[in-house]
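User: I'm new to this one and would like a close look at a single part of it. Could you start there and then show me how the rest fits around it?
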Amino acid sequence: PVYRRLLNNHDEKYIWYIVTYPSNLIISAILIIVITTRQRAQVKNQQSYKSVKMSSEIDYNSSLISIQTNLYKYGGPILMILGTVSCVLSLIVFTKKNHRKNPCAIYLVACNIGYLLQIYTTMLLAILSNGYNIDPTVYSLSFCHFRYYALLLSAVLSPSYLILASIDRILITSPNALTRQRSTLRLTYICIIGITLFWLLAHMHTLFLTRIVEPVPNLIICSFQPRFYIAFINYYTILIQDILIPLLMIILGVWADPSDIF
């Protein structure tokens, strides 16, 4: 209980109001003050820790972005030069007179031309965008369409020519004479033109279903149409580019020369 008393000083005309608190109440008040002070200190420490953690995460992300930029800026041109030299040397070798009548050499010529297309479209645009902050696709819708069209097209052309070369190798190494006779230059050119036209037409949808968007203020990007089309592109990339084409190359490679495996 809390005790109260009134003291009346008639001489000095003062009235004193005295309150007496029990010891347990005083101890409880002290404990509440101490606990509250500690909690506030912990909250401040947590806020300080969160701010330090957030700052370290920002620094880490900035470092990753800087590393990526430098890789594209300095490593990208080196890879372009090496890739170009490799493709040109391969073209020189496979276009020699003694190889011009070899169907497999013709497929490899087409394959290297596809690699050059990939280097000077997809790779060049990636280097300009990520390494030098030059992205023409955000200023021109036509360039935006072309970028993704070239990206999807160049990713499948050269592997398709390698698959055709593997099929030609299976034909030419067959123990059946009639099967070996099917490996001809005429069939080679028909297959190259046919598969090229097929992929050219199969990726026409990217010329109409890509757009320039601004997802957040001051950030403009070239992207696919949202929802269904993005899901379609993701499934297409996984099923065709990442699974079907590599699987066909492995199967046909083993079929053409089982001695490489067994």
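What relative accessibility does Ile238 have, and what does it count as: buried, partly exposed or exposed?

Analyst: Ile238 counts as partly exposed, because its relative accessibility is 43%, and the cut-offs put buried under 20% and exposed over 50%. Keep in mind that this is a predicted model, so everything here is computed from that prediction.

Let's put Ile238 in its place. The residue sits in helix α6, which covers residues 228-256. Ile238 also has company at the surface: together with Tyr235, Leu239, Ile243, Leu247 and Ile251, Ile238 makes up a nonpolar patch. Add up the accessible area of that group and you get about 600 Å².

Now zoom out for a moment. The chain contains six helices and four strands. Going along the sequence, the order is β-β-α-α-α-α-α-β-β-α, and of the 262 residues in the chain, 27% are buried.

Step back from α6 along the chain and you come to Arg227, in the loop between β4 and α6. Arg227 is exposed, since its relative accessibility is 79%. The backbone does something worth a look here: Arg227 isn't a glycine, yet its phi is positive, about 65 degrees. As background, most residues other than glycine have a negative phi.

Carry on backwards and you meet a pair of strands. Strand β3 (residues 210-216) and strand β4 (residues 219-224) run antiparallel, with five bridges joining them. To see the pairing, look for Val213, whose bridge partner in β4 is Ile221, and for Thr210, which stands opposite Phe224 in β4. The two strands make a hairpin with two residues between them. In that turn, Asn218 has a positive phi of about 70 degrees.

Just to place the other side of the hairpin, find Leu207 in the loop between α5 (185-202) and β3. Leu207 is partly exposed, because its relative accessibility is 25%. Sequence distance can be misleading here: Leu207 and Ser142 are 65 residues apart in sequence, but their C-alpha atoms are 8.1 Å apart in space.

Strand β4 takes us on to the largest pocket, which holds about 350 Å³ of space. There are 15 residues in its lining, and those closest to the centre of the pocket are Ser129, Asn130, Asn133, Asp135 and Ile220. With four residues, β4 gives the most to this lining. Helices α1 (23-94) and α2 (103-131), along with β4, each supply at least two lining residues.

Two of the residues by the pocket centre, Asn133 and Asp135, deserve their own stop. Asn133 is in the loop between α2 and α3 and counts as exposed, because its relative accessible area is 72%. Here is another backbone oddity: Asn133 is not a glycine, but has a positive phi of about 55 degrees.

Asp135 is buried, because its relative accessible area is 17%. What does its side chain meet? It pairs with Arg147 in a salt bridge, at 3.8 Å from N to O. Asp135 belongs to the loop between α2 and α3 (141-172) while Arg147 belongs to helix α3, so the contact ties together parts that are twelve residues apart in sequence. Arg147, for its part, is partly exposed, because its relative accessibility is 23%. In general, side chains of opposite charge can pair when their charged atoms come close. A search of the whole structure turns up one salt bridge.

One last residue in that loop: Tyr132 also lies between α2 and α3. Tyr132 is partly exposed, because its relative accessibility is 37%. Tyr132 and Thr69 are 63 residues apart in sequence, yet they sit 7.8 Å apart in space, C-alpha to C-alpha.

To come back to where you began, Ile238 is a partly exposed residue of helix α6, and it shares a nonpolar surface patch with residues including Tyr235 and Leu239.

Conventions: Residues numbered from 1 in each chain as written. Predicted model: local features only at pLDDT ≥ 70, side-chain atom pairs only at ≥ 80, totals over all residues. Heavy atoms only, no water. Patch = residues over 30% accessible without salt bridge, like charges linked within 9 Å, V, L, I, M, F, W, Y side chains within 5 Å. Areas by Shrake-Rupley, 256 points an atom, 1.4 Å probe, with all protein chains shown as cover. Salt bridge = Lys/Arg side-chain N within 4 Å of Asp/Glu carboxyl O. Buried < 20%, exposed > 50% of the residue type's maximum accessible area, 1.4 Å probe, protein only. Pairing = 2+ DSSP bridges. 1 Å grid on protein atoms, 1.4 Å probe; cavity = no way out; pocket = protein on both sides within 12 Å on 5 of 7 lines; lining within 4 Å. Points joined across faces, edges and corners; volume = space filled by probe spheres on them.
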